[in-house]
Amino acid sequence: MLAACHPPQNKKNAVNEEQNMHFSYDDSTLTNKILPVMMPYNRLIDPAGKVVSFGSPDLENHSMDVKLIAGSSEIVVEDRYGIAVIDTTTQKVVGRWTYSDDPKLTGLMSTYSGLKVCKIDNVDYIFWSAAVSNGSRSRSCVLQASWENGRLKVVNVLDFKPEKPSPLALPNEVFINPENGENFLYVVLNGNNQLVKINLKNSKTVWTKPTGVAPYGISIVQNKIFVSNWGGPVPTDTTRETAGVPYGKTYIDPKTGATASGTVSVFDTETGKSLKEITVGLHPNAIVNSSDGKFIYVANGNSDMVSVISAQNLQTVEEIPVKLMPGKNSFIGDTPNALALSGDDKILFVANGMDNAVAMIKLGVKTASAGSGKSEVLGFVPTEAYPGGLAVDGQTLFVTNLEGEGSRVGSSETGKSARAEIPTSAVPSATKPAVKVAAGAIPTGKSVVGSVAAAPVPADADVEAYNSHHQKATVSIISIPNQSLLDQYTKRVKTLNLTFRQDIARLLPRKNIAPKPMPERIGEPSVFKHVLYIIKENRTYDQVLGDMPEGNGQASLCIFGNQITPNQHSLARNFLLLDNYYASGKCSAEGHQWTDAAMVTDYVEKSVRAWFRSYPHVQEDALVYDSNGFIWNNAADHGKTVRIYGEACQPHFDNKLNWTAIYENYKAGKPFKFYNTSTISRVRPMLSQNYPGSDDHRVNEQLRATAFISELKEYEKKPGDQLPNLMVMALSSDHTVGTRPGFPTPAAMVADNDLALGRMIEAVTKSRFWKNTVIFVTEDDSQAGWDHVSAYRTTGFVVSPYSVFKHKISTNYNQVSMVRSIEQILGIPPMNVMDATALPMFKCFTAKPSAQTYQSLANQMPIDQLNPKLAALKGMALHFAKLSLRPEYDHIDGGNDDVMNRIIWFSAKGKKPYPANLAGKDVDDD
């Protein structure tokens, strides 16, 4: 359960109190379903007002945007799977339409935002954008629905074709503008970098004009169209560094790879002529205008401020910071991403996504016609997780919460319409037993249909379990507070955001402090000089360690238990066991941002579950990154040496080579010819060209482990201590490629991954660097399975001479805690508000070192145990093998995750019925 949050009263004792765990929420789990609840990234949710939740429990629901229906008590909400009408008096959903209601529209998802409601001929019409990115089935459209007599009906669908290099036109925000007695639809095409004007009477395009990169929002005043460009201006100056975003290029910061500018493009409504491009902050997204048309307000998600533009002069007249904790040394990451104005234009409401709060700003004389004095933030209203859409009606504020209360839908709620089990007649009668081998050996094996069942315990359909792709959409209905109540709300928001930890993060190092494994303050010495940070792929705690009686596990959910992952089990038993450790995101596109940057940007959050432009599990999209970049930037900027092994890069090699050829060549000692590339210039000199990037299933993990160990030995030969201070490593084959013929079985790929991890950790512990090295290991996310504690719970390991040996630690730690721990050890400051408020992993260390090293354990099954060919299969085995061959599974994290979960379960469990209630109807990419 979640206990009350009480920050330390005395700042001088804050660090000691943190270490002693005086705050009971640090020892909590994430299972609480009654507000307040805790998120897996150092934030508690305790919203103001009332919350309305909706959406099928079988899906991962996200509410995106909200608009009023004029003259009624109803609002329209755009969610990822359609639209909902909510009666704000009864606080119930009174109308619902989803894409699955129309076979011609099935597969579409709502885009980032852009809902509009207007009355035409006394009928309320709703306009919004939708798309699907799926090869030949890709589609982009704006939908028009009527709302009459309690019924939603789609009456028009406008399709938009992509223009090269974009494979997807991707409409986003729309605007309905009456001109000369006719209604015109204006829509930004985020993929095409275009603005389109359409006559609604005949659905014909009037004109199409180019915009900046990834246009997002649109507003029209004084016959001028204002378009926010998420990715800034289209590059024209070849002397400035540019990099790819999906469907084009943008100006970037060469240090971080992130977009370097944001703009608002201005056009004439009649001709579409470009009037001006106005520079604003980074990631300009939401854009609204004052009711008198004199001012335009733009939220800048990557700059934590709002730009105010004079519609008359087309100039920025003010930049309003919206930070929860402002100041000279403030941290980035509040992430404004939605706007709304009070009816009198005096108050601007700003949704700060990462603060889980709405800022209320009194607009000054320069930024509002009715304003006076200077603009100032009056306070903050607490919401649920990641507010992303706002609307105001009199004294009521409506908020769509992109993350709601997180993935808290349990198996008792899911699967009510998806209880089908795999027919046992199609399943092989037996699976091959584990193969025991001598220590250090890498056994080989022949193709078998099934792999080893990790846990002999049958699946328990009554176990309450959680999957990261099941959550409700939520909308907050909040009475706008007076100043007295707003002051109380602001205190609550600061408490829920653990802002006192920012004060701890800013404490100056003290002199003459003896080195410790985990320094009390940033900048104080650590016994460690080297950090190896290993990022694995997509497993829950129960999937791997659920069979360990020493921890809080559920054996019936264990897929890759001790027989498959002996090294991870040995590390958990002999070093320390973390059984309350969490991934901070729900999938790899989020996960690699949390592991590498300790936060996600508005671009990532707005893309969740849809991933129209990119699925950024490999860092290749400039729009993904925050303005401070990643942990390697932070380390290098503060004088630390960095080496990157397989993360943030792509491997390139002879495409004719398959998994078996590469593995056989490896065993024969033949060199593997490849090279890695990165789209981030800062990464390239840090990148090991001996260790293949992780985003290709054909490369076995033993090759990677050997490459790292060889480099380690070379560092040992060099004089002094030249081992890099920070080593960031991707080790991803535990994702598996299902039962695709020609590749190892899922269990074999996980065993390969486990053996490589054990070999590398053994090599480090037996090197001359061991005495001052710490190894952190995490999964990037927990999406590919189920866990009986939390959808976010995953495996984490802390390995060092100062580890608390043979001990279970149930403190609530997460990926951001791990990043903060690395920073604390290296003596580098936090990168943003998330790691600034993270709890370092103090409890994982003891003051006295041990001489204990690690001896890796041999795999108990062949790592080259291949999936059989299609000709040898029938029934469900053939069905799943064909699904595994789908092109979206060619890369790590491609394809439908629920399908992959079913494939893995079948491969491991054989006849045991698949617990469909644990996953429901998950129909999107992972």
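How many aromatic pairs does the structure hold? The structure, which is a predicted model, holds 25 aromatic pairs, and the points below take up some of these rings, then two charges placed over rings, and then one hairpin.

1. Among the aromatic pairs is the one formed by Trp 611 and Tyr 615, whose ring centres are 5.4 Å apart and whose planes make an angle of 80°. Because planes over 60 degrees apart count as edge-to-face, this pair is given that description. Both partners, Trp 611 and Tyr 615, are buried.

2. One aromatic cluster brings together residues that are far from consecutive in numbering, namely Tyr 112, Tyr 216, Trp 230, Tyr 603 and Phe 612.

3. Two charged side chains are placed over aromatic rings. The charged end of Arg 240 lies over the ring of Tyr 251, at 3.7 Å from the ring centre, while for Lys 909 the charged end lies over the ring of Trp 905, at 5.3 Å from that ring's centre.

4. Strand β17, which spans residues 215-221, is mostly covered, with 7 of its 7 residues buried. Its partner is strand β18, made up of residues 224-229, and the two strands pair in the antiparallel sense over 5 bridges.

5. Within this pairing, Val 221 stands opposite Lys 224 of β18. The hairpin of β17 and β18 has 2 residues between the strands, and there Gln 222 adopts a positive phi near 50°, a detail that the reader may wish to view alongside the Val 221 and Lys 224 positions.

How values were computed: Residues numbered from 1 in each chain as written. Predicted model: local features only at pLDDT ≥ 70, side-chain atom pairs only at ≥ 80, totals over all residues. Heavy atoms only, no water. Phe/Tyr/Trp six-rings, centres within 6.5 Å; stacked < 30°, edge-to-face > 60°. Buried < 20%, exposed > 50% of the residue type's maximum accessible area, 1.4 Å probe, protein only. Lys NZ or Arg CZ within 6 Å of the ring centre and 35° of its normal. Helix = DSSP H or I, 4+ residues; strand = E, 2+ residues; numbered from the N terminus. Pairing = 2+ DSSP bridges.
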